[in-house]
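Biologist: Please take a close look with me at one part of this structure, and then work outwards from there. I would enjoy a single connected account.

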Amino acid sequence: MATNASNTTDNAVGTQRVKRGMAEQLKNGVIMDVVTPEQAKIAEDAGAVAVMALERVPADIRKDGGVARMSDPDMIDGIVEAVSIPVMAKVRIGHFVEAQVLEHLGVDFIDESEVLTPADEAYHIDKWAFTVPFVCGATNLGEALRRIAEGAAMIRSKGEAGTGNVIEATRHMRSIRAEIRRLGTLDEAELFGAAKELRAPYEIVKEVATLGKLPVPLFSAGGVATPADAALMRQLGAESVFVGSGIFKSGDPARRADAIVQATLHYEDPGVIARVSRGLGEAMVGINLDDLADSERYAGRGW
Amino acid sequence: MTARPTIGVLALQGDVAEHLHVLEQLDVRTAKVLGPDQLDTVDALVIPGGESTTMSKLAVRYGLLEPLRKRVGAGMPAYGTCAGMIMLADRLLGGIDGQETIGGIDMTVRRNAFGRQTESFEAAVPVAGIGEEPFDAVFIRAPWVESVGPEVTVLGRVPGPDSAGRIVAVRQGGLMATSFHPELTGDVRIHRLFVDIVKGHA
């Protein structure tokens, strides 16, 4: 655990509690992808708890192809300047130098993201080495626990970003939650076997079995396009929702952003979800996952 | 006050579950407060950590801001952590345009005063009224109290980036606020102090 004492006081920065604590503050909220300072302001005004600063939303990364990397520092600075809510940004899986750069720029949270092109095919970033907290994607419990072992302070479902299709996010949320419930039914001896199957450290497996939840917040990402999608993720157990392309690829981003914030809060109230879903205009055009070749799927990136 | 009061946690956004978890250990009833109807049923309120701009906006949208001001004005005890401290401040610096607070504590609070997340920290803070042992306080993009009126008691300070002692815990009558997050530490002493205030024992 990194506990760098600051120069002037005995204050400890970058501790596990400070990193996970930051993730806890973002619960019951919506984190929105933005590509310009103007979009960041719209997101802040709509009640986003944080923004994800990037050059292209996943739908455009998907369309443009090629290698997707960390954003230009000028672009990230522009968004950090524009809003007072927390700013997140993405690095490629395993690209710890991009992470060093983002930490230097002062972003509040780093997403080691499969949406960008991976930089290392064997190792994710050692996230304990950083003061800034990290979020990582997962498709199942084993993947989530390996990321936590590496120091992730938050886990999100991977879903399938840039498709406007929630089916993969649903699959990942159900899988993670079902596996957590299963751990709760195992005896001591069986937990050792489970750790082996999950390819995750026994101590974390045991902790999850005892808590009945992950030791860090579990959010959802990848394909949320409507208020009902956001509420679906909440009812499936996500404590907050990331919305990528879904807002600023839609007809009326300000209204949709506001509607998704409300549906995320009142996720158990169909009356509210119905009301905020009325007359929202065009949702982003979705992609049917059957039409997506395996090589174009992001969720398989990382391990 | 009843022997076993109901303490609500404002559930518009933030680490609501953590506060409920601490309160459940302290012999009180608990409730989530999402709307004005639920606010009517509680004897006291905790306003959690989270993003204060989001909380403020949602309080306005759901018609909760005026009822909250009315209850706090009429003497309902309330305790705010971090974003909750901002919500209880009469005056706010560093907010976004039009950011409303509930108010109630005669203080000026500076939002994100301790800096961004990479400057967030833990420190041992002596807090008046909870015993000798300093509190292991977790500060997340935390505010500090810039100045207080004559009715406000300062309960704790911590050295800021310039080493000046910054006010991070205050009380005014039944209202209490901390810049830090006791709900993240497993130490229940500050919540217990609030429960004692609610029960009229402190």
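**One pair and its surroundings**

Modeller: Let's start with Arg61(B) and Asp258(A), which form a salt bridge whose closest N and O atoms are 2.8 Å apart. Please keep in mind that this is a predicted model. Asp258(A) belongs to helix H12 of chain A, while Arg61(B) belongs to helix H3 (residues 52-61) of chain B, so the pair joins two chains. The partners differ in how much of each is open to solvent: Asp258(A) counts as buried, because its relative accessibility is 14% and the cut-off for buried is under 20%. Arg61(B), with 39% relative accessibility, counts as partly exposed.

This bridge has company. Across the interface of chain A and chain B the rule finds 7 salt bridges, and the structure holds 34 over all chains. As general background, side chains of opposite charge can pair when their charged atoms come close. Polar contacts add to the picture, with 24 residue pairs between chain A and chain B.

Which elements of chain A give two or more residues to the side that touches chain B? They are strand E2 (12-13), helix H1 (16-25), helix H2 (37-46), helix H12 (253-265) and helix H13 (270-277). The helix that holds Asp258(A) is thus on that list, but the largest share, 7 residues, comes from H1(A). By class, this side of chain A has 18 nonpolar, 15 polar and 11 charged residues.

Stepping back to the whole interface, 44 residues of chain A are in contact with 41 residues of chain B. The area buried between the two chains is about 3,200 Å², and carbon and sulfur atoms give 51% of that area. Arg17(A), Gln25(A) and Leu265(A) supply 22% of the area that chain A buries against chain B, more than any other three residues.

Strand E2 of chain A takes part in another way: 2 bridges join E2(A) to strand E7 (residues 121-125) of chain B, and the two strands run antiparallel. Within this pairing, Ala12(A) stands opposite Glu122(B).

For a contrast with our starting pair, consider Asp27(B) and Arg4(B), whose salt bridge has its closest N and O atoms 3.0 Å apart. Asp27(B) lies in the loop between helix H1 (16-23) and strand E2 (29-33) of chain B, and Arg4(B) in the segment before strand E1 (6-10) of chain B, so this pair ties together parts that are 23 residues apart in sequence. Asp27(B) is partly exposed, with a relative accessible area of 46%, and Arg4(B) is partly exposed as well, at 36%. Salt bridges can also share partners: Glu24(A), Lys27(A), Glu239(A) and Glu18(B) are joined in this way into one network.

One last stop is the backbone in the loop between H1 and strand E3 (30-34) of chain A, where Asn28(A) is found. Asn28(A) has a positive phi of about 60 degrees although it is not a glycine. That is worth a glance because most residues other than glycine have a negative phi. At 21% relative accessibility, Asn28(A) counts as partly exposed.

Conventions
Residues numbered from 1 in each chain as written. Chains lettered and ligands numbered in written order. Predicted model: local features only at pLDDT ≥ 70, side-chain atom pairs only at ≥ 80, totals over all residues. Heavy atoms only, no water. Contact = heavy atoms within 4.5 Å. Buried area = accessible area lost by both parts, 1.4 Å probe. Salt bridge = Lys/Arg side-chain N within 4 Å of Asp/Glu carboxyl O. Polar contact = N/O pair within 3.5 Å; in protein donor to acceptor, adjacent residues only side chain to side chain. Helix = DSSP H or I, 4+ residues; strand = E, 2+ residues; numbered from the N terminus. Nonpolar A, V, L, I, M, F, W, Y, C, P; charged D, E, K, R; others polar. Pairing = 2+ DSSP bridges. Buried < 20%, exposed > 50% of the residue type's maximum accessible area, 1.4 Å probe, protein only.
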